Amino acid sequence: MQSKIWLSSPHMGGTELSFVHEAFDTNWVAPLGPNVTGFEEDIENYLGHDVNVAALSSGTGAIHLGLKLLGVSAGDEVLCQSFTFSASANPITYLGAKPVFIDSEPETWNMSPKLLEEAIIQRISSGNKPKAIVTVHLYGMPYKVEEIHAIANDYEIPVLEDSAEALGSTYGSRACGTFGDIAILSFNGNKIITTSGGGALVSKRKEYRDKAIFLATQARDKAVHYQHSEIGHNYRMSNVLAGIGRGQMQVLDDRVAARRNNYRFYTEQLREFDEITFLDEPYGMFSNRWLSCILTPSYEVREKIRVALELENIESRPLWKPMHLQPIYQKEVCFSDGTSENLFQRGLCLPSGSNLMEQDLERIIKIIKIALS
Ligand SMILES: *Cc1c(COP(=O)(O)O)cnc(C)c1O
């Protein structure tokens, strides 16, 4: 059996260990320290637009805090893109709020502006004005930022921008992660860069960042003893992991280039197969191509390719199963036109790591071509 090819595995740049060593040498092993501040500044500089960043223990935790900061509480409704990873939606339920799912449009695979507006009008008329909107740049492809945010502004509903998969992507040359009232990033092991596990909350409003850090460190009041007037969390990133993040930020642009190269390789190699299609970048959008995805004509063809790869020790993965089809969420209100369900049936994510070698890509494409012929 040939060696395993993973869907998306960690890819260190080389300088991470020196930051980690520094943390050890100065005994900044305990939470907080210079790497945390340094990592936050690195991200702020990278994203631009005067954002403020709080480094946290996960993207999921960042969404949880973000929704809390936007005022979501028990009984509220939150509109959420259905076609996403479950972590976009789960924190809504941590707060005792209810998700209302919105289907995607076919050009970016992200939240449909048309269905979003329909949902807002319908929920307002039933007496439940949504408290927030969770948007997602899925697989690194920006959503229709202008249309979505125009609607959110019209109805004065804040947006939590889930940019977990889109660090390095841009919309109209502006970085994803700078559009929402609050945005979040993830540095989980399979993301474009990793701290082995981690996330960040991003906002143009400094009060949000400060409050996020307060809540992420057990919400301790200013007093010599331990006093609490609010429920806190233990969500801060550790100084050791932030050291990994500092090293990873130095190679982020290389990682984006490598993932985009993977995507280009797949599109060129599969051009002869008319039945295989890709998600092109709409005008003005730049995707980090976190995962390279293909659409096949049917569930059967998708499975044929996936199983053929699996037999050769190559990991691939169906596109995300929409939240409104998940056993845990299928009873929730959903505004759907079948788009994401169709993508889920026919789509497959191909190995996309920035550390894939030429011979890995050749090995993968050979199997796909055999499966298709
Ligand atoms: C990975 C991911 C998250 C969660 O991030 P973690 O750091 O793993 O908690 C949230 N949303 C999306 C779309 C993701 O892909």
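**The ligand and its surroundings**

Student: What makes a residue count as surrounding the ligand here, and which are closest?

Tutor: Fifteen is the count to begin with: 15 residues surround the ligand, and the closest are Thr60, Asp162, Glu165, Ser186 and Lys191, where a residue qualifies if one of its heavy atoms lies within 4 Å of the molecule. This is a predicted model, in which local features need pLDDT of at least 70, side-chain atom pairs count only at pLDDT 80 or more, and totals for chains, interfaces and linings use all residues. Residues are numbered from 1 along each chain as its sequence is written, and side-chain values use heavy atoms, with hydrogens and water left out.

Student: Why is the pair between aspartate 162 and the ligand called a polar contact?

Tutor: A polar contact with a ligand is a pair of N or O atoms within 3.5 Å, and a nitrogen atom of the ligand is 2.7 Å from an N or O atom in the side chain of aspartate 162, so the pair qualifies. Polar side-chain atoms of serine 186, at 2.7 Å, and of lysine 191, at 3.3 Å, each lie at those distances from an oxygen atom of the ligand.

Student: How are the residues of the shell divided?

Tutor: Four are nonpolar, eight polar and three charged, with Asp, Glu, Lys and Arg counted as charged.

Student: Which domains make up the division of the chain?

Tutor: Domain 1 (16-249) and domain 2 (252-372) do, by an automatic or database domain assignment.

Key
A polar contact is a pair of N or O atoms within 3.5 Å; within protein, one must be able to donate a hydrogen and the other to accept it, and residues adjacent in sequence count only if both atoms are side-chain atoms.
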